[in-house]
Amino acid sequence: MSFVPSTRVESPTERRNPRTLDIDRVPTAELLQLLNDEDQLLPDAVRAVLPELTRVVDETTARLAAGGRLHYFGAGTSGRIAVMDAAELIPTFSLPPGVVVAHHAGGQAALTLPVEGTEDSVELGARDAAAVGPGDVALGLTASGRTPFVEGALRAAREAGAFTVLLSANPDALLADLVDVHLGVDTGPEAIAGSTRLKAATAQKMVLNSMSTAVMVSLGHTYSNLMVDVAAANGKLRGRVVTILVEATGLDESVCVDALAAAGGELKTALVCLLSDCAPTAARAALEISGGRVRTAVETVRST
């Protein structure tokens, strides 16, 4: 089989790292230190794009609150990170399935095994973005900032009128002109050239963690720094719900357990009851009016 030359990617992530030239010659402890040294550069690189990320969070919050959806598009490592973030929001914040949707080039099969050619298909990206509407947010993840699958998705999403975002590890990404906001995290060359599953991928995980968490906080899924939309689906989580109530109210565990029982196991309802000394029916009504925001619901009850 002959080798057919293809596109050479121009991106900081493709350059050779001068700090790790001897990584294959040093003892294990030093090898790990070299990797860790590179990882230490990431928080500052992410911090540099926080102004742009602020705009993305605010726009996403507004669109989700209005009934829109958040779509992730990625291939390979980037796509897997997107799938993980979307999946974890469901149990962590009791987010209904379908609000945040991850589209991975090659579909489910490509999560564990490579599906050849999918990331190079502009058409496949456009097809996967067919469900994106004008009230949605489309976020494409690509370390190099040029992946054709992501390009196709972002072009289709932009044509549909969606708010578009590119998350890359290349400040000069080719696809930056396609989007409303480019989050170009300058992670520099990888410790080992030839893959972006190290620093670029870690930075993408950091950005998505911050973004989706900030959106969930803004939508009222927390009270203070406590998760109050936990889906208590197992023994550990049921215990966590009681701990959250104790932390939020300062009341005895027995009082919190009784409040949970009276509220039918609904953490937010029990919390509003305890904070405002009201019945579960009044707490539920206030939460409905407040869009699920506990602080607003408590104020509503106290003002009536």
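This section describes the overall architecture of a predicted model, followed by its largest pocket, one helix pair and two residues with unusual backbone geometry.

The protein chain of the predicted model comprises 304 residues, of which 47% are buried. Its secondary structure consists of 12 helices and 7 strands. The C-alpha trace extends over about 75 × 50 × 35 Å along the principal axes of the chain.

Empty space in the model was examined with a probe. Rolling a probe the size of a water molecule over the atoms shows where such space is left. The largest pocket encloses about 810 Å³. A total of 28 residues line this pocket, and those closest to its centre are A75, G76, E119, T147 and T196. By residue class, the lining comprises 14 polar, 8 nonpolar and 6 charged residues. Helix α4 supplies the largest share of the lining, with 4 residues. This helix spans residues 76-93 and is followed by a loop that leads to strand β2 (100-104).

The packing of one helix pair was also characterised. Helix α10, formed by residues 267-276, and helix α12, formed by residues 294-303, have axes that come within 9 Å of each other. The two axes cross at roughly 45°. Because this angle lies neither under 35 degrees nor in the range from 65 to 115, α10 is classed as oblique to α12. The crossing of α10 past α12 is right-handed.

Backbone geometry was considered next. Most residues other than glycine have a negative phi. Two serines in the model depart from this pattern. S94, although not a glycine, has a positive phi of about 55°. This residue is located in the loop between α4 and β2. S94 is classed as partly exposed because its relative accessible area, 32%, falls between the limits of 20% and 50%.

A positive phi, near 55°, is likewise found at S224, which is also a residue other than glycine. S224 occupies the loop between strand β6 (222-223) and strand β7 (226-227). With a relative accessible area of 46%, S224 is partly exposed; the value therefore remains below the 50% limit over which a residue would count as exposed. Thus S94 lies in a loop between a helix and a strand, whereas S224 lies in a loop between two strands.

How values were computed. Residues numbered from 1 in each chain as written. Predicted model: local features only at pLDDT ≥ 70, side-chain atom pairs only at ≥ 80, totals over all residues. Heavy atoms only, no water. Buried < 20%, exposed > 50% of the residue type's maximum accessible area, 1.4 Å probe, protein only. 1 Å grid on protein atoms, 1.4 Å probe; cavity = no way out; pocket = protein on both sides within 12 Å on 5 of 7 lines; lining within 4 Å. Points joined across faces, edges and corners; volume = space filled by probe spheres on them. Nonpolar A, V, L, I, M, F, W, Y, C, P; charged D, E, K, R; others polar. Axes fitted to C-alpha atoms, helices over the stretch in contact; angles between N-to-C directions. Parallel < 35°, antiparallel > 145°, perpendicular 65-115°, else oblique. Left-handed = near helix turned anticlockwise from the far one by under 90°.
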